Amino acid sequence: MTVLPLSRPVRRPGRVDRLAMLGGALIVLVALSAVLAPWLAPYEENTPDPLHSLDPPSGAHWFGTDLAGRDVLTQILYGGRTSLTIVVAVLTVSSVIGVTLGVVAGYAGGPVRDVIMRITDVFLAFPALLLSLALAVVLGPSVTTAIVAIAATWWPWYARLAASVAASVATRPYVDAARCLGVPAPLVVLRHVLPNSLTPVLVQVSLDAGGVILTAAALSYLGLGAREPVAEWGLMVQQGQTYFTTNWWVVTFPGLAILVTAFAFNLLGEGLRAALDPRRVIK
Amino acid sequence: MIEVRDLRVRYGTRTVAHVPELDVGAGECVAVVGESGSGKSTTLMALLGLTEGAEVSGYVRVCGVDVLTAPARRLREIRGARVALVMQSPEAALSPTTRLGVLMRRALVLHGVDAGERAMAEAVEAVLLDPAILRRYPHEVSGGQAQRFAIALALALGAEVVLADEPTSALDVTVQAEVVGVLRRLRAERGLALLLVSHDLALVSTIADRVLVMKDGEVVESGPAARVLAEPSHPYTRELLEALP
Amino acid sequence: MPRYVARRLGQAFLVVAGVVVLTFVVTRLLPGDPAVAFAGPKATPQQLAEARARFGLDDPLPVQLWNYVRDLLTGDWGTSLRTRRPVLSDLYLAFPASLELVGSALLLAVLAGIPAGVLAARHRTRLPDFGVRVGGMLAVSVPVFWLALALQTVFAGNLDWFPVAGEYDTALDTTSPLTLWTNITLVDALITGNWPILTSTLRHLVLPAIVVAAYPTGVIAQMTRAALIEEAGQDHIRLERALGFGETSILVRFALRPALNPLLSLIALVFAYAIVNGFLVEAVFNWPGLGRYAVDAISYSDVPAIAGVALLVALVYVLANLVVDLLQGVVDPRARQR
């Protein structure tokens, strides 16, 4: 007998829902505005104008100006470039490291797997922001530091995921067959194990992008990430917080930019996960 | 106790069950027979008003309540208290994290029935179970015990109608006999109306007064159990009978 | 069960050992000389050499690691460059305040998140479900420091409903001084019956606790919703409906319990995350916990203090996970048999 759904029929896997589509659309919007910032921005990046310090939003400055008289909208558009650069760099670096180690661990099994997995356990014991903080203090603040620091805490998730997928792929008949035919191990991994491990990792990457945005912004807010003259949303919030009570726009708009971008990535990631992998809920 | 006229259950454009006529009086036992997917379980759930997502039409009266038009509250009052359900897979039908006694007490309290230790123990003893079973979780009891517990639950709540969905198919042969014995005894002692859904003709022949044979959502044959089983008129019924060992 | 406990303890020990090595590596091997930081930029070569000898920086690395582990075990977690006090005693003062904030926030998150998840599952694909999904997603996407600033400005600054910063009104220290037992102000005020400090702390706690609770609330609501929807597909739900239980009653009384199991692991995970998220919130609300200590340490490049915080939080995380894994058997009767 068919199982009755609780109130309405359960959505079938394989269909991306409307919220996810909204997330995707928002990301395209954010990405476009970051790429096209030089053409879209009403002013030049980083041009202080002491005559217009802390101007409220107006026709000339839609989102107002900051203490130095810079146009907040312009700074946000350029800040998007910084944020997206960090996201792409962190996710690329950490997924490459993580997948490489994970696939090796999963395919090799035995002591190799144990050693790699125990190392990931150790890294996972540090909450991402905390290890990033420690590294950022040691390395000195910069965008590169933020990337290195966040990537250092993010790869173990991918290593773990890739290892479990690779381990299950490694036992499939066609991999056995390839091995019996004398195909060298690295080639087996490259041809069969790696491609099969990629889908779950890509889903995870899309789920993580929002977290990376938030961590990067938090690092900059603490003065450990991007520094002047680079435009960055977390940094803008930090610089504006002193005048928040009297000049709400200097903090509100950059914060909203972070919120919207993280929200968009989370919606898309959640939708992709539901569509491709309906069983897993949260890592 | 049960009165059905021209019941139709549709999912979208597909009719999964169509029952022109079905009556079960007090102390009677009617069996609905057919293979899985023939619409017999759906019919059962329709009697409880529990076919969500489906379009149900016709006339269904259970314990004096018009199931298809009654408000949800009225339906919840008769569910459990007057009409009880015994499901196919007893372990899966019981919440795995709830002790049997807790489930029983909650159901009794819900319907305002005496939920004291004594009353619960008596209900369980009536189906020949040790009251200690009330302290167990579903995974700690056998299939036969779980099934008898489900019947005890119906008794404790004072149900007049029992809807049994393949009550024995998940059980061993000896345990089947126990469960059937309990059902038959209670029917005789308490005048329960019993609607049995089963593909097991051997079971049906020992307990049912009347039989409905369903195939692909339609009733193909109905009548007194003795006649239908002895001289089936529809080829499908003959097929079912021939499949018997 | 005893074998399981032993194996789990062994695993936890390995992770702790790894965490110690990692902290050692981060603090000793990466650029930045603690001797220079300690002695100050104007130090003479002789002072520098003294500082190096003091930190044992001239010894071979394995010896340094061994000394580091020995010091940690004997309670010497180094000396803060900023406060010039032992790091461990600084942590001892700061940690209870963080625990107070994060504990209240998690309580709030559970109290809000589970009902929200139930509501969403009850009205699946309808408006309440949509609201909870979007709301939960917003809660996990909001930058905490920004939310902290926003709530502080609006509710403490403009509306003046709550105090702007601090743990309680320090003027109370003279009028009704607090006797310390656990160092957790709320608990101490409660057991010693110090109502002025208790109410003041609660008023100070509201805004930061809400901010720290945002992320866990979103995660718990999403998770509860997903778990309930999965559980609602189980066979036993049909029996409970047939027994006459209402939909909400079924979700709360029969479906929620199995859902609590994964939720417990989730809360352990979120706990550590909330402590670190709390850092930013503590900095905004000047809450005297680990976070403010860490943020102050950062602006001072106070490596021993940061290493101490990192080590402590990692230990708490490992411990929380251990406790949850061992508790699983208690919550889920099926897990006990495995």
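Is A268(C) buried or exposed in this predicted model? A268(C) is buried, with a relative accessible area of 4%, where buried means under 20%, exposed over 50% and partly exposed in between, using a 1.4 Å probe and protein chains only. Before going further, note that local features of this predicted model need pLDDT of at least 70 and side-chain atom pairs count only at pLDDT 80 or more, while totals for chains, interfaces and linings use all residues. Residues are numbered from 1 along each chain as its sequence is written, chains are lettered from A and ligands numbered from 1 in the order in which they are written, and side-chain values use heavy atoms, with hydrogens and water left out.

Let us stay with A268(C) for a moment. Its home is helix α12 of chain C, residues 247-285; helices (H or I, at least four residues) and strands (E, at least two) are DSSP runs, numbered from the N terminus. Leaving aside neighbours within four places in sequence, A268(C) is in contact with A320(C), N321(C) and V324(C), contact being heavy atoms within 4.5 Å. D325(C) is 57 residues from A268(C) in sequence, and their C-alpha atoms are 9.6 Å apart in space.

Moving along chain C, we come to N286(C), in the loop between α12 and α13. N286(C) is not a glycine, yet it has a positive phi of about 50°, and it is partly exposed, with a relative accessible area of 38%. Helix α13, residues 290-299, is mostly covered, with seven of its ten residues buried; among them are Y293(C), V295(C) and I298(C). Just after α13(C), S301(C) takes a positive phi of about 50°.

In chain B, E166(B) also deserves a look: a non-glycine with a positive phi of about 50°. E166(B) sits in the loop between β7 (161-165) and α7 (173-190) of chain B, and is buried at a relative accessible area of 6%.

Now for chain A, which has ten helices and zero strands. Its C-alpha trace spans about 75 × 55 × 35 Å along the principal axes, and 53% of its 283 residues are buried. Among its contacts between residues at least 6 apart in sequence, 70% join residues at least 24 apart.

Two helices of chain A make a good stop: the axes of α7 (residues 173-180) and α8 (residues 185-221) come within 10 Å and cross at roughly 170°. The two are therefore roughly antiparallel. Here axes are lines fitted to C-alpha atoms, for helices over the stretch in contact, with angles from 0 to 180 degrees between N-to-C directions; angles over 145 count as roughly antiparallel, under 35 as roughly parallel, 65 to 115 as roughly perpendicular and the rest as oblique. Y174(A), V175(A) and A178(A) of α7(A) meet V188(A), H192(A) and N196(A) of α8(A) in this contact. Further along, the peptide bond from E228(A) to P229(A) is cis, with omega near 5°, and P229(A) lies in the loop between α8 and α9 (233-240) of chain A.

We finish where chains A and C share a lining: α5 (128-139) of chain A, together with α1 (2-28) and α14 (303-331) of chain C, each supply at least two residues to the lining of the second largest cavity. Residues lining this cavity include F126(A), L131(A), T23(C) and I306(C). On a 1 Å grid over the protein atoms alone, a cavity is a set of points where a 1.4 Å probe fits but cannot get out, and lining residues have an atom within 4 Å of a point.

Note on methods: On a 1 Å grid over the protein atoms alone, a cavity is a set of points where a 1.4 Å probe fits but cannot get out, and a pocket is an open set with protein on both sides within 12 Å along at least five of seven lines; lining residues have an atom within 4 Å of a point.
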